[in-house]
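Q: Could you show me how to read a structure of this kind, one feature at a time?

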Amino acid sequence: MRRRATGSMSVKSKWTKTKWLRSDRVLRRSVPDTKRFTRSSLEVMTARYKTVYFKPTGGTGGNGIARVKRLGPGRFQIRKDLSTFEASSPRALYARLKRIARGRSYLLQKGIALQTSRGRPFDLRMVVQRTRNGKWVPSVMFVKLGKPNKIVTNYHQGGTLAKIDPTLRRTGCTPKQINRYKRRLAALGMRTARCFERRSGRFKELGLDVALDRDGRLWILEVNTRPGFSALKSLKDKSLYRTIVRYGKQYGRTR
Ligand SMILES: Nc1ncnc2c1ncn2[C@@H]1O[C@H](COP(=O)(O)OP(=O)(O)O)[C@@H](O)[C@H]1O
Ligand SMILES: [Mg+2]
């Protein structure tokens with residue numbers, strides 16, 4: 001853990017944060033199966049799931065992420081950035097991933113089939129922030145649409161931000177269903193805030209990346225302890241940006 005200038009705590013390790021989420025009786029149901037990358041966990045995960053995400057434990061911004069798809073028994077497709085590789089044995093797959101890892105620690109996570117809007121996969125960002133009175137609030141939520149042909153939806157990887165209501169409406173949701181998703185997102189955010197608070201009272205802001213799968217289930221892909229603010233300026237409606245900044249000021253974050 002690291003204390004930042006604003007006094008807000010930041011934790012880089014996705015593994016540590018995943019363990020925290022999984023220690024919560026309620027949240028654990030919304031965390032996709034995740035393991036540290038080893039030769040044997042790779043075998044287990046690729047046998048269990050058709051798609052597995054390969055993510056650097058200390059990564060951010062969608063960097064260093066690869067996706068493994070099982071094509072058939074012992075045959076895999078690996079995608080990273082705009083490249084595609086094939087591996088025709090578990091051994092070749094392991095060797096390829098080792099090369100991508102370049103000595104860094106990695107995680108394997110069950111791949112979630114993201115919902116799409118106009119053909120673009122998207123996930124959701126739920127931000128919770130603390131007021132000067134120490135009360136957590138679900139402050140802003142928005143959509144991150146992936147750039148076509150990318151395996152990540154991050155803004156800094158060519159993704160686009162959008163508002164929740166019109167995006168979900170386009171996937172066929174009724175206003176009632178949309179409100180239900182928004183309530184569930186806020187509840188996940190608040191529960192995560194409580195969960196992290198048990199580890200340290202110094203967290204002031206958290207940004208959850210939440211996948212919505214094609215069965216309507218929500219999955220927490222990761223929790224950011226320093227969620228980005230500036231991408232919100234790209235939305236035509238500046239009210240979300242103003243809200244996140246207004247709360248941020250209460251704990252000394254200015255941008
Ligand atoms: N298990 C997963 N299933 C489907 N998509 C995923 C999964 N994990 C990550 N992604 C995609 O990759 C993006 C980046 O992953 P994330 O865990 O948020 O790492 P980063 O810290 O680099 O943002 C996510 O926003 C999502 O689009
Ligand atoms: Mg992320």
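The turns below go through domains, a ligand shell, a helix and a glycine.

Q: What kind of model is this?
A: This is a predicted model.

Q: Which domains does the domain assignment give?
A: A domain may be built from separate stretches of chain, so read its bounds in full. Here the assignment gives domain 1 (2-31 + 114-249) and domain 2 (34-110). The C-alpha centres of domain 1 and domain 2 lie 25 Å apart. Their contact takes 12 residues from domain 1 and 12 residues from domain 2. On the side of domain 1 that touches domain 2, four residues are nonpolar, six polar and two charged.

Q: Which feature does UniProt place at residues 23-249?
A: The UniProt record, an unreviewed entry, has "domain: ATP-grasp" there. Helix makes up 28% of residues 23-249 and strand 32%, and the end C-alpha atoms of the span lie 31 Å apart.

Q: How many residues are around ligand 1, and which come nearest?
A: There are 23 residues around ligand 1, and Tyr53, Ile112, Val152, Thr153 and Glu222 come nearest. By kind, the shell holds eight nonpolar, 10 polar and five charged residues.

Q: Where in the fold does the shell around ligand 1 come from?
A: Look at strands, then at domains. At least two residues of the shell come from each of strand 4 (51-56), strand 8 (106-110), strand 13 (205-212) and strand 14 (218-224). Domain 1 and domain 2 each supply at least three residues.

Q: What span should helix 3 have, and what is the distance between its end C-alpha atoms?
A: An α-helix has 3.6 residues a turn, so residues three or four places apart point the same way. For length, the rule is 1.5 Å a residue. Helix 3 (residues 90-101) has 12 residues and should therefore span 16 Å; its end C-alpha atoms are 16 Å apart, which agrees.

Q: What phi does arginine 102 take, just after helix 3?
A: Arginine 102 takes a positive phi of about 45°.

Q: Is glycine 146 buried or exposed?
A: Count C-beta neighbours: 20 or more within 10 Å make a residue buried. Glycine 146 has 22 inside 10 Å, so glycine 146 counts as buried.

Q: Where does glycine 146 lie, and with which residues is glycine 146 in contact?
A: Glycine 146 lies in the loop between strand 11 (136-145) and strand 12 (160-162). Leaving aside neighbours within four places in sequence, its contacts are Arg120, Pro121, Phe122, Val152, Thr153 and Gly159. Of these, Val152 and Thr153 are also among the residues that come nearest to ligand 1.

Definitions and conventions
Residues numbered from 1 in each chain as written. Chains lettered and ligands numbered in written order. Predicted model: local features only at pLDDT ≥ 70, side-chain atom pairs only at ≥ 80, totals over all residues. UniProt positions renumbered as here; feature names shortened; annotations may be inferred. Helix = DSSP H or I, 4+ residues; strand = E, 2+ residues; numbered from the N terminus. Expected span 1.5 Å × (residues − 1). Near = placed C-beta within 6 Å. Nonpolar A, V, L, I, M, F, W, Y, C, P; charged D, E, K, R; others polar. Contact = placed C-beta atoms within 7 Å. Buried ≥ 20, exposed ≤ 12 C-beta atoms within 10 Å, placed from the backbone.
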